[in-house]
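Subject: Structure for you to look at

Dear colleague,

I am passing on the structure we spoke about, together with some notes for a reader who is new to it. Please have it open while you read.

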Amino acid sequence: MSTEPIDATSSPAWAALRTHKESFTPNLRQWFANDPQRGTKYTLRAGDLHVDLSKNLFTEETLTLLSKLADHVQLQDRIDAMFSGEHINVTEDRAVLHTALRRPQNATPELVVDGQNVDVDVHAELEKVYDFARRVSDGQWRGVTGEKISTIVNIGIGGSDLGPVMAYEALKPYVRSGLEVRFVSNIDPTDVGETLCDLDPRTTLFIIASKTFTTLETLTNARLARRWLWDGLADRDVAMTDDDARRQAVARHFVAVSTALDKVADFGIDPDNAFGFWDWVGGRYSVDSAIGTSLAVAIGPERFAEFLAGFHAIDEHFRSTPWKENVPALMGLLNVWYTNFLDAHTHAVLPYAQYLHRFPAYLQQLTMESNGKSVRWNGSPVTGETGEVWWGEPGTNGQHAFYQLIHQGTRLVPVDFIAVANPEHDLVDGDHDVHELFLANFFAQSKALAFGKTADEVRAEGTAEDIVPARVFSGNRPSTSIMAADLSPSTLGQLIALYEHITFVQGIVWGIDSFDQWGVELGKQLALEVAPAVAGDQAALAEQDSSTRSLIEFYRENRR
Ligand code: F6P
C-alpha cells in the first residue's frame, strides 16, 4: 500500500468520470421507465439497514467508474490498514481504531497494536463502565448524603458531547425509569445555568467527558458544576467547610472520562472514578468508547452492548463487501461524484424520526471536522474540492422551511432521508395512523425530488399559463432513503458506523487525514490571547485589529 496519498484527480478513473460527466444527462423518469427493476436493483442491505440508492444520479457506468476510482486509491488496503491499527492518522502519528471499540469479546485473531492488546483493554474498560452503570441504576452508588442518583449531567463538548447527546435523544424510549441525563457543552454560562437551575445537588452526578481534559469549555463548566455542588449542598445544611468534606462530595458526585487520567486527578476526581480510552479514538468517533458512559448508564449495559454490536455489523459489511454492494463505500463514492463532478456543495440529512433530531448536528462534526481540509496527509495541497457542508433537520419540519430550495433552487443538494417502520408512539388521528401520515411524507419527498412535475403536468391541473413556470419541478434531484424496522440501540449503532465509513471513503479519495482537526486550533489560541482585552486590559485592546477592537469596545460599553 502506498504511504503517500494517491492523487485521484490524475487517475485514469477520474479522467473517465470527467468524460462520463460531459455526456451525463440524468433522467430519473427515463431511467426508471427503462429499467423497472432500478428501485430493487439499487436497494442494498447493510446489517438491518435497507438502503435505497436508486434515486441517486448514476448509471451502471457511473458505478463502474467510481469502483475503479476506489481501486485506484487503494481503498481496500486503506480499510485494512485502519482496521489493523496502522498509523493512518499521519499528522498525529496515531492508529485509528474506533472499529476496535466494538469488536466482540474474544474476537479472533486478537488485535495487538503498538504492543497493546487492544481487545483486552477495550473490554476491561467496558466492564468498568458497565459496573458503574449498574451501581448507579440499582442505587449502590449514592450521593454524599446517601440519596440515590436521579440525574446525570454530562459535561463535554464536540465529540465528548454530540455523540452522547444525540444517542441519548435517539434512544429515549430505552432510558431506564427514574433516570434523566442532561448535557452541558457551551461555555456560554446560560448553558450550565439553565441545565442545573432546577436540579438537586444531592441526587445529581456529573460526568466530565474530555479526551484531553484540557478543553477550556469543559473544564470551565466542570469547575462551575463543582462550585454549584458545594454551594447547593451547603444550602441544604451539608457541611462543606473543609477540604475533606468538599473532596468527599466530589468523589460521590463527579466521575470523568478521559485519555488523560493524570489531569483528571489534578482536577480532584479520584482516578478510581475515571474511565479511560486511548489516543487512537478520535473525539468524533468516540461515542462507543467510555465517552458513551452517560448513555450506558441511561440505557443499561445490555442495551449498550447491542448498540456496539450494531456498529460491528456495519464494520464487517464495510471491510468485506465488494464496492457495488458496499453501502458505505457507494454512499461515499457518490458523495465524491456529487462534490467533484456535479458541483454539489452541501449535503442534507433529513431524518423522518423525531428521536434522531440531533443526528444532523452529530454528523456535522463527524463529516466536517474530518473532511473539511485543504491539504493532504503528506502536507501537499488537495487537488480538488473536499468536504461538503452537512446540515439538516427532522422531517416534516424541514418541509415547511428549507425544502423549497432543495426542490426548486438552483443548487444541487444531495439528500439522505432516514425513517423507521415502527413508531414508538403508535397514535391515531380519527381514522389515520399518524405514523403512516408521517411516512407518506417521507416516501413522497424522495419521489418529488426524483421525478418532479413537468410544465404539461402543471397545465393539466388547470394552472394559469403565467404561473406554470413557478409550479414546475425539475426532478433529477438525488436522494438516498435509509430505512430500518425500529430505532433500536443496534440500528442506531449501524447508522453511526455507516456515516463513519462514508466519511472515511471520501477522505481516502481526497487523500486527506480524516482523523486530525488542526483547523480548530487557531480560534482557541486567539480566544486566549483576546481574553485580557475583553476583561479590560487597555494595552491588550490596543493590540487588536480595528474590527476586533471596536467589537470589544461595544461589549465593554454595553456590559452592565
Ligand atoms: O475542538 C475540537 C475538539 O478537539 C474535537 O475534536 C473534540 O471532540 C472536542 O474538541 C472536545 O475535545 P475533548 O474531548 O478533548 O475535550
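Below is what was found, beginning with the sheet and then turning to a helix and two residues.

Please bear in mind throughout that this is a predicted model. It contains an open sheet of 5 strands, in the order S6-S5-S7-S8-S9, and the pairing is parallel. The edges are formed by S6 and by strand S9 (274-276), each of which pairs on one side only, and the twist from one strand to the next averages 20°.

Within this sheet, S5 and S6 run parallel and are joined by 5 bridges, and Thr151 stands opposite Glu180 in S6. Helix H9 (residues 216-235) packs on the sheet, where it touches S5, S6, S7 and strand S8 (254-258), and its direction makes about 160° with that of S7. Helix H8 (residues 189-196) lies across S5, S6 and strand S7 (204-209), and runs at about 165° to S6.

One residue of S5 may be worth finding in the viewer, namely Asn154, which has its place in that strand (residues 151-155). Is Asn154 buried or exposed? With a relative accessible area of 0%, Asn154 falls under the 20% cut-off and therefore counts as buried. A polar atom of the Asn154 side chain lies 3.1 Å from the backbone oxygen of Ser160. Leaving aside residues up to four places away in sequence, Asn154 touches Ser160, Asp161, Arg182, Phe183, Val184, Ile207, Ala209 and Ser294.

Helix H7 (residues 162-170) is mostly covered, with 9 of its 9 residues buried; among them are Leu162, Pro164, Met166, Tyr168 and Glu169. What covers the buried residues of H7 includes strand S6 (180-184), together with helices H12 (293-299), H13 (301-320), H15 (359-371) and H20 (489-510).

The other residue to look up is Phe277, which is found in the loop between S9 and H12. Its relative accessibility is 5%, so Phe277 counts as buried. If residues up to four places away in sequence are not counted, Phe277 touches Lys211, Val257, Ser258, Thr259, Ser286, Ser289 and Ile291. Phe277 and Glu393, by contrast, are 32 Å apart in space from C-alpha to C-alpha, and 116 residues apart in sequence.

With kind regards

Conventions
Residues numbered from 1 in each chain as written. Predicted model: local features only at pLDDT ≥ 70, side-chain atom pairs only at ≥ 80, totals over all residues. Heavy atoms only, no water. Buried < 20%, exposed > 50% of the residue type's maximum accessible area, 1.4 Å probe, protein only. Helix = DSSP H or I, 4+ residues; strand = E, 2+ residues; numbered from the N terminus. Contact = heavy atoms within 4.5 Å. Polar contact = N/O pair within 3.5 Å; in protein donor to acceptor, adjacent residues only side chain to side chain. Pairing = 2+ DSSP bridges. Axes fitted to C-alpha atoms, helices over the stretch in contact; angles between N-to-C directions.
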